[in-house]
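This report describes how the parts of a protein chain pack against one another. Please consult the sequence and the coordinates shown below while reading.

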Amino acid sequence: MSIQGTPTTAGRTAGVSQGTTKETPKGAWTVTFLLFLFMLVNFADKIVVGLAGVPIMTDLKLEPEQFGLLGSSFFILFSVSAIVVGFIVNKVPTRYVLLTLAVIWALAQFPMVGTVSFTTLLICRIVLGAGEGPAASVAMHAIYKWFPDEKRTLPTAILTQGSAFGVILAVPMLNWIIVNHSWHYAFGALGVVGLVWVAAWLALGKEGPLENTQVLAATETKIPYVRLLTSRTFLGCVAATFGAYWALSLGLTWFTSFIVKGLGFAQSEAGWVSILPWVFGATIVILTGWISQVMMARGYTTRVSRGVLGSVPLIIGGLILATMPYMPGAALKIVMLVVGPGLCGAIYVVCPPMLGEFTPASQRGAILAIYGALYTLSGIIAPNVMGTVIQHAGSMVDGYMTGFTINAVIMVGSGVLGLLLLWPNTEKARLTRGAAPRSAELKGVVSPT
């Protein structure tokens, strides 16, 4: 089949109709910026354990397997929480849910300011993970109430950028605190920043006006969840993002430790090196969002402008990472480790809009949350696998190289699955075939805002 039809035909296939294009409401970009900051804080909270990995292991006398468990503990309730909250935001305004999540993040950081045991640190990371599990899916759901489908890829990219900037901006500051004061105070600083965001959201955060959840729940044609969750595009998004998140969770937990213990950098130097993957990843994210939106405007189907555009970089990135153990010198190893996983960022930009194409808006919060809950399961597995491999390898460096090779294989496999399964432009017609539209009276249905 042709990957590019006429602008009119391809636009209809992609869910874009020139006659029904909605305007972006006033205030949409303000909320987008606030949610960008929300994701920035989210990823700063995630990265701090990996950044302070060597001091934490030294102070608490942890073995690699124990530190791998600490990295994985963050994801123990991550998926369960994401699913529960995903169904909640089908009915409850996202404004209040986002506020609650941010308060949990902030409060989970403060116990680490004082003397802390491994058990306390483990429990706080589990609580933090429960609060952060729904973050990305709820933020996406909130953004999509402000932008029509054909305009969602760029705000999705900006929102995803928050993760990169959460590392780029936070790592130098947090590392300075760790080196000059203590890793304990790095956690405290993040708690304060979280409370600042809560205050800003209370003042400026609003619910998007394009979708009224109660009206949609009463009038919209529903698709059984089992059909949505077994659709090939949903399965393709989960498979592709699973591999990308495997790379991300290794970066969050093990990258800085590898730089220090595997390549011989000092902790003060490792802080700056640790931001390189995120700078590169941020570039990939913004480029993907822009290219995707341009392709859609020029008439490409979303199979191409979203599905293929997100999957191919995963495959290329995995192949690049696979060469890393064979590169001479620390510099080339770092380049491969930056570029390979960095290309994974493309899939985060395209998958949520693809799911939004065929999922009824009144069910979208749950579907995005279940998607997030499933692909982030790799966050439980990957740090533990790396820790076990390192502990049982002939040498620490050999263990790291084996762990990154496993990562490369998973990236390539997930990218291939994405390439085969992502067909969002035909998914809605297939899922709704034979379904009768619901008719309901709108009287008495009020806005949730």
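Is E132 buried or exposed? E132 is buried, with a relative accessible area of 1%, a value well within the cut-off of under 20% for that class.

## Model and overall content

The model is predicted. The protein chain contains 22 helices and zero strands. Of its 449 residues, 58% count as buried.

Contacts that span long stretches of sequence are frequent in the protein chain: among contacts between residues at least 6 apart in sequence, 86% join residues at least 24 apart.

## Surroundings of E132

E132 belongs to helix 7. When residues up to four places away in sequence are not counted, E132 touches N42, D45, K46, F74, F78 and W105.

## Helix 4, helix 7 and the preceding loop

Helix 7, which covers residues 118-132, also packs with helix 4, residues 64-73; their axes come within 8 Å and cross at roughly 30 degrees. Angles under 35 degrees count as roughly parallel, and the two helices are therefore roughly parallel to each other. On the side of helix 4 the contact involves Q66, L69, L70 and S73, which meet F118, L121, L122, R125 and I126 in helix 7. By class, the residues of this contact comprise six nonpolar, two polar and one charged.

L62 is located in the loop between helix 3 (53-60) and helix 4. With a relative accessibility of 10%, L62 counts as buried. Its contacts, leaving aside neighbours within four places in sequence, are with I56, M57 and F118. L62 and F118 are 56 residues apart in sequence, and their C-alpha atoms are 8.5 Å apart in space. F118 thus appears both in the contact of helix 4 with helix 7 and among the contacts of L62.

## Helix 6 and helix 10

Two packed helices are described by the angle between their axes and the distance between the axes. For helix 6 (residues 94-109) and helix 10 (residues 183-204), the axes come within 7 Å and cross at roughly 160 degrees. An angle over 145 degrees counts as roughly antiparallel, and this is therefore the relation of helix 6 to helix 10. Their crossing is left-handed.

Helix 6 contributes R95, L98, L99, A102, V103, A106 and Q109 to the contact, while helix 10 contributes F187, L190, G191, G194, L195, W197, V198, W201 and L202. These residues divide into twelve nonpolar, three polar and one charged.

## Nonpolar core and helix 13

In soluble globular proteins, nonpolar side chains tend to be buried together. In this model, the largest nonpolar core has 118 residues, and those with the most contacts inside it are L35, F38, W278, I347 and F404. Helix 13 gives the most to this core, with 16 residues. I347 touches A240, T241, A244, G310, S311, L314 and L422, not counting residues up to four places away in sequence.

G236 lies in helix 13, residues 232-262. G236 is buried, with a relative accessible area of 0%. Apart from neighbours within four places in sequence, G236 is in contact with G418, L421 and L422. L422 is therefore listed for G236 and also for I347. The C-alpha atoms of G236 and C351 are separated by 9.0 Å, although these residues are 115 residues apart along the chain.

Conventions
Residues are numbered from 1 along each chain as its sequence is written. This is a predicted model: local features need pLDDT of at least 70, side-chain atom pairs count only at pLDDT 80 or more; totals for chains, interfaces and linings use all residues. Side-chain values use heavy atoms; hydrogens and water are left out. Axes are lines fitted to C-alpha atoms, for helices over the stretch in contact, and angles run from 0 to 180 degrees between N-to-C directions. Helices (H or I, at least four residues) and strands (E, at least two) are DSSP runs, numbered from the N terminus. Angles under 35 degrees count as roughly parallel, over 145 as roughly antiparallel, 65 to 115 as roughly perpendicular and the rest as oblique. A crossing is left-handed if the near helix is turned anticlockwise from the far one by less than a right angle, and right-handed if clockwise. Contact means heavy atoms within 4.5 Å. Ala, Val, Leu, Ile, Met, Phe, Trp, Tyr, Cys and Pro count as nonpolar, Asp, Glu, Lys and Arg as charged, and the others, Gly among them, as polar. Buried means under 20% relative accessible area, exposed over 50%, partly exposed in between (1.4 Å probe, protein chains only). A nonpolar core is a set of buried Ala, Val, Leu, Ile, Met, Phe, Trp, Tyr and Cys residues joined through side-chain atoms within 4.5 Å.
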